[in-house]
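Here is a friendly walk through one protein chain, from its overall build to a few of its helices. Have a look at the structure first, then read on.

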Amino acid sequence: MLSVADAEHLIFAAVHPLTDSEGVRLPEATGRILATAVRSQLDFPHWDNSAMDGYAVRFEDVAAASGETPVSLQVIENIAAGTPPQHTLKSGQAARIFTGAMVPPGADTIVMQEATRRDGDRVDVLQPPKACGEFVRHRGRFYQAGTPLLNAGIRLQAAEIAVLAAAQCNVVKVIRKPRVAILSTGSELVAPNQPLKPGQIVDSNQYALAAFLHQLDIEALRLGIVPDTPQSLRQTIREALQWGDVVISTGGVSVGDYDYIEGILQDLGGEIQVQSVAIKPGKPLTMARFPKLRSLYFGLPGNPVSALVTAWRFVQPALLKLSGLSHGWHPQFVEATTELALPAAPSRETYIWGQVAIRDGQFHFNCAGGSFSSGNLVNLAQTNACAVIPVGSPGIAAGERLSVLLLQS
């Protein structure tokens, strides 16, 4: 049985980020992973412009201005945003200018309008600017054309989309979405829309994992419930491996009489890297790689809590790495204070689900109510974190600090 750290190392090492790319229109690029670095042929700002409503002036003309000895300048034009200047500023002249408008040739400073007094075609400057260039946003100050603007391997969110729009990148090259096939194994399972007979169990895992993949913006193929027969399992798994970059199944990876998954994986050419992990819940976890198909297989436990906890702990970072993210794909842990005492499993790393919140500038963890059973799906609702109890710990007392795994939002 592998430790959590050893299992994590083997899983992450088996993941090779996708490199296949596609071009998408900018409105469809949100949430996608940038495939290549973006450069722009535009400077940012595109030209010298004003950061204030006021007057464009020559610094040397107004450096000594004051309320007692104002400097009077001739206003030669008004410059609105989007309208290029029509004149070159000479000594003794000023141009009325508005925020974002181009600074006229000859001007080097903006005096904000609150520091002036207008009288017809003249303006009195009542206080000097602090320095030459005040309130001027110079061309190329934020970005110089031809240099890297956005690096490959980042997720495109609102700020990045704004940058691409400003750079007039109408089509963006992004990594294609990973394809993940999911299936539930077990002859006892029925779909939520079927009548429940004695001894049967409603399959919640497939719906949970489909939602999990949707939140990660990953293309999912639901293959339904597969009965516990070697023929059915073999055929479905083979088809899933041909379609997906990753296949995720739940159930059938323990040591029961009807647990056929690992044997089938080996028969299909899989190299099993992980078979059992010292984690609670989630001990019966399988991961296999298929070098010829360039596919990975995750066999998660059938118990619904175990399936989700192992998905959060191992599968989510693996899929984020696969998607092409250059950073930020590792599991996210924070230090938090537990509100209640937490039990431990001496031989396994224990994950207890609940909610983490920030109070007084620190993280605080509150475990979910009810029993912590791998089959108790009910109290998993509204969970946003899992407290981590190390192997060998006698438990964590209320008020103590501990590591907490943050779950996807």
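Of the 409 residues in this protein chain, 46% are buried. Please keep in mind that the model is predicted.

**The chain as a whole**

How many helices and strands does the protein chain have? Its secondary structure comes to seven helices and 26 strands. Along the principal axes, the C-alpha atoms fill a box of roughly 95 × 50 × 40 Å. The radius of gyration is 31 Å, whereas a compact globule of 409 residues would have one near 22 Å.

Contacts link distant parts of the sequence: among those with a separation of 6 or more, 71% are between residues 24 or more positions apart. The protein chain exposes about 19700 Å², and 51% of that area is supplied by carbon and sulfur atoms. As for charge, there are 32 positive and 36 negative side chains, and the centres of the two sets lie 4 Å apart.

**Helix α1**

Helix α1 spans residues 4-14, and its buried residues are V4, A7, I11, F12 and A14. Seen down the axis of α1, these buried residues fall within an arc of 160 degrees, so they line one face of the helix. A general rule helps here: an α-helix has 3.6 residues a turn, so residues three or four places apart point the same way. On the face of α1 turned away from the buried side, you will find the exposed residues A5 and H9.

What covers the buried residues of α1? The cover includes the strands β18 (271-274), β19 (279-280), β20 (286-290), β21 (295-300) and β23 (349-359), together with helix α7 (304-322).

**Helix α4**

Helix α4 runs over residues 205-215 and has N205, Q206, L209, A210, F212 and L213 as its buried residues. They cover an arc of only 160 degrees around the axis, which puts them on the same side of α4. Their cover includes β13 (179-185), β16 (219-226), β17 (246-250), β21 and α7. Just after α4, D217 takes a positive phi of about 60 degrees.

F212 is worth a visit of its own. Leaving aside neighbours within four places in sequence, F212 is in contact with A311, W312, V315, Q316, L319 and Q408. One of these partners, W312, is 100 residues away along the chain, and the C-alpha atoms of F212 and W312 are separated by 8.8 Å.

**Three helix residues**

Is F212 buried or exposed? The table answers this, and treats V62 and T236 in the same way.

| Residue | Helix | Relative accessible area |
|---|---|---|
| V62 | α2 (residues 59-62) | 0%, buried |
| F212 | α4 | 2%, buried |
| T236 | α5 (residues 230-243) | 16%, buried |

The label "buried" applies to T236 because its relative accessibility is 16% and the cut-off is under 20%.

Which residues does V62 touch? Not counting residues up to four places away in sequence, V62 touches V57, V71, L73, V111, V125, P128 and P129. A278 is 216 residues from V62 along the chain, and their C-alpha atoms are separated by 74 Å.

T236 has its own set of partners: with neighbours within four places in sequence left aside, T236 is in contact with L183, L223 and V226.

Notes. Residues are numbered from 1 along each chain as its sequence is written. This is a predicted model: local features need pLDDT of at least 70, side-chain atom pairs count only at pLDDT 80 or more; totals for chains, interfaces and linings use all residues. Side-chain values use heavy atoms; hydrogens and water are left out. Helices (H or I, at least four residues) and strands (E, at least two) are DSSP runs, numbered from the N terminus. The radius of gyration is taken over C-alpha atoms; the globule rule is 2.2 Å times the number of residues to the power 0.38. Buried means under 20% relative accessible area, exposed over 50%, partly exposed in between (1.4 Å probe, protein chains only). Contact means heavy atoms within 4.5 Å. Accessible areas come from the Shrake-Rupley method with a 1.4 Å probe; for residues, only the protein chains shown count as cover. Lys and Arg count as positive and Asp and Glu as negative; His and the chain ends are not counted. The place of a charge is taken as NZ of Lys, CZ of Arg, CG of Asp or CD of Glu. The arc is that of the directions from the helix axis to the C-beta atoms.
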